[in-house]
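Hi everyone, thanks for coming. Could you pull up the sequence and the structure on your screens? I'll walk you through what I found.

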Amino acid sequence: MLNLIERKKLIDAAIKARKYAYAPYSDNFAVGAAVLTGDGTITGGCNVENGSFGATMCAERVAIFTAISNGHRDIRAVAVVADSTPLTPPCGMCLQVATEFGPGIEIIMADLHGHEETTMLENLLPRSFKFDGQRSEDRQARKTTNT
Ligand SMILES: [Zn+2]
């Protein structure tokens, strides 16, 4: 579990990222997210809507993809901040993306008024899709085991 300082830093990073949200089609439902990786790196992301709604990208995936794009695969926690009641959890697609880099990822939901809730990714998406060990690193591991 993240300690209080780590959690505050992560929520603050998500609040900062939220300021850059591009959300003209949802009446400015601005969302910020931040990812904490195993080495302490924090990457942020905001939602980026698009007039072709299916092209819209959530803040959480922007933050996760930014972490991955910078060489980080050990994700410890994802914070998501919106000005909403109840607190906004990541959507199903973002949870599925996060499971690729889990298990054991903390999900922190917060608003702009000091309310927050922490749970584990597995609680929000208990039966995530798995590609049944067909990732190249898994195939490589099987080859090593079989020889
Ligand atoms: Zn999402």
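**A walk through the sheet and its helices**

Let's jump straight into the middle: Ala33 stands opposite Val80, a residue of strand 3. Those two belong to a longer match-up, since strand 1 and strand 3 run antiparallel and are joined by seven bridges. Another pair you can click on is Leu36, whose bridge partner in strand 3 is Ala77.

Before I go on, one caution: this is a predicted model. Please keep that in mind for everything I say.

Okay, let's zoom out. The protein has five helices and five strands. Starting from the N terminus, the elements come in the order α-β-β-α-β-α-β-β-α-α. There are 147 residues in the protein, and 33% of them count as buried. Now look at contacts between residues at least 6 apart in sequence: 59% of those join residues at least 24 apart.

Next, the sheet. In what order do the five strands sit in it? They form an open sheet in the order 2-1-3-4-5, and the pairing is mixed. Strand 2, residues 42-46, and strand 5, residues 116-120, stand at the edges; each has a single partner strand, so one side of each has no neighbour in the sheet. On average, neighbouring strands here are turned by 15° against each other, ignoring direction.

If you're new to this, a quick reminder: strands of a sheet pair through backbone hydrogen bonds, either parallel or antiparallel. We've already met an antiparallel pair, strand 1 with strand 3. For a parallel one, go to strand 3 and strand 4, which pair over five bridges. In that pairing, Ala79 stands opposite Ile108 of strand 4.

Let's stay with strand 3 for a moment. How many of its eight residues are buried? Eight of the eight, so this strand is mostly covered. One residue in strand 3 is Arg76. Is Arg76 buried or exposed? Arg76 is buried, because it has 20 other C-beta atoms within 10 Å, and the cut-off for buried is 20 or more. Leaving out residues up to four places away in sequence, Arg76 touches Leu36, Thr37, Gly38, Ile105 and Glu106. You can also find Gly40 from here: Gly40 and Arg76 are 36 residues apart in sequence, and their C-alpha atoms are 8.9 Å apart in space.

Now the helices. Helix 1 lies across strand 1, strand 2, strand 3, strand 4 and strand 5, and runs at about 140° to strand 1. Helix 3 comes between two strands we know: strand 3, helix 3 and strand 4 make a right-handed β-α-β unit.

Which residues of helix 3 are buried? Cys94, Leu95 and Ala98 are. These three cover an arc of only 100° around the axis, which puts them on the same side of helix 3. Here's the background: an α-helix has 3.6 residues a turn, so residues three or four places apart point the same way. On the other side of helix 3, Gly92 and Met93 are exposed. And what covers the buried residues of helix 3? The cover includes helix 2 (59-69), strand 3 and helix 4 (121-124).

Last stop: the loops, where the backbone does some things worth a look. Find Pro86 in the loop between strand 3 and helix 3. A cis peptide bond joins Thr85 to Pro86, with omega about 0°. Then follow the chain past helix 3 to Pro103, in the loop between helix 3 and strand 4. There, a cis peptide bond joins Gly102 and Pro103, with omega about 5°.

Now go back to the loop between helix 1 and strand 1, where you'll find Asp27 and Asn28. The phi of Asp27 is positive, near 60°, and Asp27 is not a glycine. Asn28 isn't a glycine either, and its phi is positive at about 60°. Are these two buried or exposed? Asp27 counts as exposed, because it has 6 C-beta neighbours inside 10 Å. Asn28 is exposed too, with 11 other C-beta atoms within 10 Å.

To wrap up, keep two pictures in mind: the open sheet with its strands in the order 2-1-3-4-5, and helix 1 lying across it. That's it from me, thanks for listening!

How values were computed. Residues numbered from 1 in each chain as written. Predicted model: local features only at pLDDT ≥ 70, side-chain atom pairs only at ≥ 80, totals over all residues. Helix = DSSP H or I, 4+ residues; strand = E, 2+ residues; numbered from the N terminus. Buried ≥ 20, exposed ≤ 12 C-beta atoms within 10 Å, placed from the backbone. Contact = placed C-beta atoms within 7 Å. Pairing = 2+ DSSP bridges. Axes fitted to C-alpha atoms, helices over the stretch in contact; angles between N-to-C directions. Arc of directions from axis to C-beta. Right-handed = clockwise from strand over helix to strand, strands pointing away.
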